[in-house]
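Me: Could you go through this model with me? I'd like to start with charges and rings and then move on to a helix.

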Amino acid sequence: MSYSHKKIAALFDLDGVIFDTEKQYTVFWADIMRKYKGDDSPAQKIKGSTLERIYADWFSGMEKEQREITSALGVFERNMKLDYIPGLTDFVHDLKSHDVQCAIVTSSNTAKMEIVYPQHPELKTLFDRILTAEMFERSKPAPDPYLLGATVFNIPPENCFVFEDSFNGLKSGRAAGMHVIGLSTTNAPESLWGYADMVIPDFTGMTYERLTEEIVKTV
């Protein structure tokens, strides 16, 4: 199988894939879960979920608490460090030089992105599309977010490459019938292999050629 004459798309999660933020979110949500639930273990389970899904699953009917968490999350996100995962921008530039369509597919909402853009306005030109939580009916691990990524580029799922760090995101990419590359920025690399075709620590040394050659070996 060769991708040299096929239209392909690369679909990137945001936190833990584009930005090195997951450890920051883990601390935030562990604090929230301890405060409101008395147990911080759900902080790992919610990774890759939309805020709406987190509220439905863990804070249903708790409107006052939801308002408090939303307010605290806004303050937290406005003060986050948004450092790129190493090698990310070079890799995306290389993909685009090979006519690969690139999109961000994130469980974050537009309010979060409005915090991101002032720090990284180049995202709007680095990526062809930015798809946020409001654009899909079901959140990860459902396939909807990544299927939307395929649809906006009119590219079949089997020609799409998903880059994810969370188990919910990896499951979403797999459920969409796409090639899945796991980044071990959030979870141990050995824990990702059951969900991914390829596992990498970051994007250092990643190129279009390496990506397509490695994936060809797995199909």
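**Charges over rings, ring pairs and helix H5**

Reply: In this predicted model, the charged end of Lys37 lies over the ring of Phe59, at 5.3 Å from the ring centre.

Me: And which ring does the charged end of Lys124 sit over?

Reply: The charged end of Lys124 sits over the ring of Tyr117, and the distance to that ring's centre is 4.3 Å.

Me: Ok, ring pairs next: how many aromatic pairs are there?

Reply: The count comes to 14 aromatic pairs. One of them is formed by Tyr25 and Phe76, an edge-to-face pair with 5.4 Å centre to centre and 65° between the planes. This pair links distant parts of the chain, since Tyr25 belongs to helix H1 (residues 22–37) and Phe76 to helix H4 (residues 63–78), 51 residues apart.

Me: Are Tyr25 and Phe76 buried or exposed?

Reply: Tyr25 is buried, and Phe76 is buried as well.

Me: Why is the pair of Phe91 and Phe163 called edge-to-face?

Reply: The ring centres of Phe91 and Phe163 are 5.6 Å apart and their planes stand at 75°, so the pair counts as edge-to-face, the cut-off being over 60 degrees. Phe91 is in helix H5 and Phe163 in strand E4 (residues 160–164), 72 residues apart.

Me: Which residues of H5 are buried?

Reply: In helix H5 (residues 88–97) they are Leu88, Phe91, Val92, Asp94 and Leu95. These residues cover an arc of only 160° around the axis, which puts them on the same side of H5.

Me: What does the face turned away from that side carry?

Reply: That face of H5 carries the exposed residues Asp90 and Ser97.

Terms used. Residues numbered from 1 in each chain as written. Predicted model: local features only at pLDDT ≥ 70, side-chain atom pairs only at ≥ 80, totals over all residues. Heavy atoms only, no water. Buried < 20%, exposed > 50% of the residue type's maximum accessible area, 1.4 Å probe, protein only. Helix = DSSP H or I, 4+ residues; strand = E, 2+ residues; numbered from the N terminus. Arc of directions from axis to C-beta. Phe/Tyr/Trp six-rings, centres within 6.5 Å; stacked < 30°, edge-to-face > 60°. Lys NZ or Arg CZ within 6 Å of the ring centre and 35° of its normal.
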